[in-house]
Amino acid sequence: MKVLKFGGTSVGSVESLRNVKKIVEGCSEPVVVAVSALGGITDKLLKTASLAMSGDEAYLQSMEEIVARHHSVVEDLIPSGAERSALLDRIDALFSELDSIFHGVFLIRDLSEKTSNTIVSYGERLSSDICSVMIDGAVLHDSREFIKTVRKQGRNLLATEATNELIKAEFSGLGKSEQISLVPGFISRDINSGEVTNLGRGGSDYTASIIAAALDADSLEIWTDVDGFMTADPRIIKTAYTIDSLTYLEAMELCNFGAKVVYPPTIYPACAKNIPILIKNTFRPEVKGTVISNESVAVKGRPIKGISSISNTSIITVAGLSMVGVIGVNKRIFSALAENGISVFLVSQASSENNTSIGVKDEDGELACQVLNEEFAKEIQTGAMYPMSIQSGLATIAVVGENMRHTPGISGKLYGALGRSGISVIACAQGAAETNISFVVDGKWLRKSLNVIHDSFFLSEYQVINIFLCGIGTVGGNLIEQIASQRQNLMDTRNLQLNVVGIANSRHAIFDRDGLELDGYKERLMASEPCNFQKYKEEILAMNIYNSVFVDCTASAEVSGAYFDFLDHNVNVVAANKIAASSEYANYAKLKETAHKRGVKFLFETNVGAGLPIINTINSLRDSGDRILKIEAVLSGTLNFIFNTISADIPFSKTVQMAKEEGYSEPDPRIDLCGKDVIRKLVILSRESGYMMEQEDVEKHLFVPDELFAGSLENFWERLPELDADFEARRQKLEAENKCWRFVAKLEDGKGSVQLREIPQGHSFYKLEGSNNIILLTTERYKQYPMLIQGYGAGASVTAAGVFGDIMNIANV
């Protein structure tokens, strides 16, 4: 035989009750069915009682609503006839009793615990009668006659032995004279006084477990409105999924820390008799659900089973030098709190014994402080102890899994992941059993903490990277296209999910924490509310998303000026924008140091050579102990395109125009022609090679007169053809000597220079086609034969691919 329990929304509507009927009547073996009050009725009864106690006649209207709710359910579920009429007579008799009780409360303005217990018992008494008529063949039993409690320390505790004997006698006919026994959950009776009591909110689960244990049931099924225990709260973690199996201990740990799937006391009776507990969904009975038993199937690579959390936590710290080595301090703490009905769910004590931190609910925080200040008043007065300190508005998170005890490094991984995301742990606790690591964080970090842990411990199906993109020009637009085309493949082959959660241009921004739909993003962006960059930055920081990357595909100084704030808030930065990495050395060093300190990444591979792996190569060489001695490079795809394109038929001014039209040059090509872009790149390479260099330190030998850079852009285009004749004459001379032009950046002996050089045939730089870049790295290891890196050095597509590569680099941490 087995025991089934239905509660909450499972008995909250006519539709769900019909599902209950179908499930129960479909059982082939004898069953005991425990039901709770109709969904929301217990709260409604308590509210009505409160109104009556306060002398508010609104309790009458509330009572009418309760009556109407039950009548409506009966009329919708039970066919008209004698059976329905008899049922309505019985429930109306109960309502008459209940009305009299409410009226008495209203008259005397008093609501004792005894009266409150009696009032709430009507919820289960009413629902169980309705269900017993609704389910064919069900026989109703009154739980008050066999679930007995005893009063101890101000609480109603189960009288286990008496209850077990009464249950066995009550259900002796199960499987013989009856196949379906139906009982009201939650309610009980005091074994001595005979007063109505209850097993606490959620007690219907407990009722079912007690009956299952007493009758040695084959299984206990808890039918709810969820598919089972989830790896985390699905309202916070969108990727949370159902856990197939848990041990009793794992389930208990999760329940005690906020997973409200099962009432915690439910687990012990079933565990003591090794009865498996199945958590099933009344609305989706075909779903497997979660099985709780002595055996739990471990998932490879996943040492933890689930994450649970409690919001509204307060931490109270009891501290003082007099606590060291003194026996009985903790006893006084917990005794004082217990006497005042304050429950402690977390304890963290320093090994020096000079302070103990305890976790309580926010609503108990101030009272707990007051109680402890009174308990230790003498010690506080003499200075031997300090007044209690309290931090409120916190959140407690528990990471649960029996396999943690077999896996070294779990705590390190946990706290490391939190630290890299900028989350400080206020207090922590772990028992020697190693099945639960609990810690406290600021409440504002709860969502981010849960996401970080869920992702770090592979509880999510995918590792998620959340991308904020700024700039949707040629590079940014290409990047979005590449992400969109590659996204599914990364999910399939790498279990990596790239979510673009924010997109902005200079005037608008759109956001979606769960990921923007990339099809049609431009139209939605332009239709959005105006948003400048400052607002975009503030929203990114306010969203506080884990595993986030800010991607800068602009050439804006304002945008690059925000990198420090992003890094300091543990947001990775990927920059196609060269301004920050080539700015004053102190700023560059500050950004690198902040990224290192915060455990995030500041990447800018595309600042030099578009998608070529130049910076990564230099870093790899240095990390392995090599030293960069000399760099010679053609770093401007724009200038290389110009000097490869210039010919007798295409004058210099025309090549500059073509470079702009092809997207190789900056919008203002003077930035390329003045050598500023190459200087920036050389400065970046020098710094990444270990040299402290500023842009002003680079020696410049330019090929365009200074006066062409002084005026407006229109004036520049007008005067540019003046240079064509001279360039053509020099070009003919070069052609005759089998030479070509290359604008070369050079680092040697810590000094940098840029100049237009004549390159002879046979040199590595000579056969450099189109907009390609080339770099020669001379190092202590690559001295006789320098390392050569060559390829496309400009273009929106390859630059976007380089940015994409940096994003993937962050994903591979």
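## The open sheet

In this predicted model, six strands, taken as DSSP runs of E over at least two residues and numbered from the N terminus, form an open sheet in the order S14-S15-S13-S16-S18-S17 with antiparallel pairing, where two strands pair if DSSP finds at least two bridges between them. Strand S14 (346-349) and strand S17 (427-430) stand at the edges with a single partner strand each, so one side of each has no neighbour in the sheet. Neighbouring strands are turned by 30° against each other on average, direction ignored, the axes being lines fitted to C-alpha atoms.

Strand S13 (residues 306-319) and strand S16 (residues 389-400) pair in the antiparallel sense over 9 bridges, and Thr313 stands opposite Leu394 in S16.

## Nonpolar cores

The largest nonpolar core has 100 residues, and those with the most contacts inside it are Ile453, Tyr536, Phe550, Phe652 and Phe703; such a core is a set of Ala, Val, Leu, Ile, Met, Phe, Trp, Tyr and Cys residues that are buried and joined through side-chain atoms within 4.5 Å, buried meaning under 20% relative accessible area with a 1.4 Å probe, protein chains only. Its largest share, 6 residues, comes from helix H25 (residues 676-688), helices being DSSP runs of H or I over at least four residues. A second, separate core of 48 residues includes Phe6, Val14, Cys27 and Ile119.

## Basis of the values

Residues are numbered from 1 along each chain as its sequence is written, and side-chain values use heavy atoms, without hydrogens and water. Because the model is predicted, local features need pLDDT of at least 70 and side-chain atom pairs count only at pLDDT 80 or more, whereas totals for chains, interfaces and linings use all residues.

Definitions and conventions
Buried < 20%, exposed > 50% of the residue type's maximum accessible area, 1.4 Å probe, protein only. Axes fitted to C-alpha atoms, helices over the stretch in contact; angles between N-to-C directions.
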